Amino acid sequence: MSNSAFLNWTHARHGRISGTDPASLTPRLGETANLLGLELAAGRLPFIDMPYADGMTARLQELEPLLRRFEHMVVLGIGGSALGARALQKAFFPAQDRPAHTGPWLWIADNVDADSLEAWLQSLPAEKTVVVVISKSGGTIETIGQYFLIRDWLRTARGDAWTNHVIAVTDERSGFLREEADTHGLASMPVPDHLGGRYSVLSAVGLIPAAFTGMDWQALVRGAKAVGAPLCSSPDAATLGAHPAWHLAAWNHALMQAGYSQLIFFSYMPLWAHFGFWFAQLWAESLGKEGKGSMPLPAVGVTDQHSTQQMFLDGPRDKACLFLTCSSLPQGRTFPGDMPPKWDFLRGRRFGDLLEAEALGTRMALHKTGTPLVEIGMAQPSEEQAGRLMALLEITTLLTGWLLDINPLDQPAVELGKRLANARLGAPGYDTETADLGAFLAAQGSRQEF
């Protein structure tokens, strides 16, 4: 069995892109490689070359004895500060969701959810809890709001020792959380410069929770670095043209040009299902600009064969698919020999055989209905392979954005919503947004009860 992950292109050029030439973007290859080289040299793509890795590794190893003192970790973060950590938790720390788990416990506060936060503050033992507060800017209102409440809880329960229960992950030099860390002597780790939240999972943002739960976080880093290494050592047209991320970006560009406006991320690795939600933010927030991009649709095999797959197979022909598989998943128990005759075909088979058969059936059904599909095959369900997958998708997203002639590293529309929310809460300095809110609320139409 191969130890390498792979892309299976057999059914990729299908439907409306059947006759397209995979080399059609060759004229863009040189300019894209040149841009890649310039951006790497300027230090603006740290999720590819990971220049922070050695320092982060040393600091995280220093922190591990502190982490082992606690039974509970509460992560305060939203969006890119939480989605990657949750994907890793579900993939490599499933024990917490299963019977008879005895710890440790990882709780991720990734929403404005008063009920859950109150339940944690009422039930968690403060003396056995460490809180990781994550915000690159130090000003994310949802996260800082949670921090104020949980800081008060810790102070009440632990007195001056509250500072021993908080780790700040934020900018190294500026912002409110940096001020908090410096003022109170909180343990902290930096979010590297130019590392946006949705690209930050393999920094302290995602790796502190990974270390707490006992994952092989260094294997995650190794896997990611292996995917980026060829581009870092030789960011030229030949190297880029041979890289799988370029091929995926070119494929997605062709899809969008042909009117495919939705991209299914169909995971037939059940424990890796939450990678679909992590990918959804990465893709949507990076590419949804200037009327461009495609909508990511996370789907889980086989669960969504009984829900959204009806739309995939018989709805509008506007969807393509990334199809995640692994040939070395645990197979589970063997079906017993005393089943009714109707089910005799299962005799001697393993429970995992159902997943393989369902995955093959779905791939064939998508092909038969004209859906362009690339299979992403993982060699093992390991941390190293997860690092490879995440790096591949991050680099693909970057290159796709460049091919669309947009900036895949900013999120201007998201910032508008944040400004309006701050204005609604009465934050100073948002006069224009406050006026806009007044006009918006005054223009509300009639309501219909149901």
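The structure holds 0 disulfides. It is a predicted model, and the tour below starts with its cysteines before moving to the sheet, its helices and the nonpolar cores.

**Cysteines**

Select Cys321 and Cys326 and show their side chains. The sulfur of Cys321 has its closest cysteine sulfur in Cys326, 17 Å away, which is too far for a bond. A disulfide would need the two sulfur atoms within 2.5 Å. Seen from the other side, Cys326 is likewise in no disulfide, the nearest cysteine sulfur being that of Cys321. Are these residues buried or exposed? Cys321 is buried, with a relative accessible area of 0%. Cys326 is buried as well, with a relative accessible area of 12%.

**The sheet**

Next, select the strands β2 to β6. The 5 strands form an open sheet with parallel pairing, and the order across it is β3-β2-β4-β5-β6. Residues 105-109 (β3) and 187-190 (β6) are at the edges; each of these strands has a single partner, so one side of each has no neighbour in the sheet. Looking along the sheet, the twist from one strand to the next averages 15°.

Now narrow the selection to residues 129-134 and 166-170. These are β4 and β5, paired in the parallel sense over 4 bridges. Within this part of the model, colour Ile134 and Val169: Ile134 stands opposite Val169, which belongs to β5.

**Helices across the sheet**

Add residues 141-158, helix α6. This helix lies across β2 (72-76), β3, β4 and β5, and runs at about 155° to β4. Then add residues 176-184, helix α7, which lies across β4, β5 and β6. The angle between α7 and β5 is about 140°.

**The loop before α6**

Zoom in on Thr140, in the loop between β4 and α6. Thr140 counts as buried because its relative accessibility is 18%, and the cut-off for buried is under 20%. Which residue does its side chain meet in a polar contact? The partner is the side chain of Ser135, at 2.9 Å. Leaving aside residues up to four places away in sequence, Thr140 touches Ile78 and Ser135.

**The nonpolar cores**

Nonpolar side chains tend to be buried together in soluble globular proteins. Here the largest nonpolar core has 111 residues. To find the residues with the most contacts inside this core, select Ile208, Trp251, Trp272, Phe275 and Leu322. Then select residues 383-403: this is helix α15, which gives the most to the core, with 11 residues. For another part of the model, select Leu117, Ile150, Ala168 and Leu186, which are included in a second, separate core of 21 residues.

Return to Leu322 and display its surroundings. With residues up to four places away in sequence not counted, Leu322 touches Leu248, Trp251, Leu263, Ile264, Phe265, Phe266, Phe279, Val374, Ile376 and Leu393.

**Phe275**

End at Phe275, found in helix α12 (residues 275-287). Its relative accessibility is 0%, so Phe275 counts as buried. Which residues does Phe275 touch, not counting those up to four places away in sequence? They are Ala87, Leu88, Ala91, Phe265, Ala386 and Met390. Finally, draw a distance between the C-alpha atoms of Phe275 and Gly84: these two residues are 191 residues apart along the chain, and the separation is 7.4 Å.

Definitions and conventions:
Residues are numbered from 1 along each chain as its sequence is written. This is a predicted model: local features need pLDDT of at least 70, side-chain atom pairs count only at pLDDT 80 or more; totals for chains, interfaces and linings use all residues. Side-chain values use heavy atoms; hydrogens and water are left out. Two strands pair if DSSP finds at least two bridges between them. Helices (H or I, at least four residues) and strands (E, at least two) are DSSP runs, numbered from the N terminus. Axes are lines fitted to C-alpha atoms, for helices over the stretch in contact, and angles run from 0 to 180 degrees between N-to-C directions. Contact means heavy atoms within 4.5 Å. A nonpolar core is a set of buried Ala, Val, Leu, Ile, Met, Phe, Trp, Tyr and Cys residues joined through side-chain atoms within 4.5 Å. Buried means under 20% relative accessible area, exposed over 50%, partly exposed in between (1.4 Å probe, protein chains only). A polar contact is a pair of N or O atoms within 3.5 Å; within protein, one must be able to donate a hydrogen and the other to accept it, and residues adjacent in sequence count only if both atoms are side-chain atoms.
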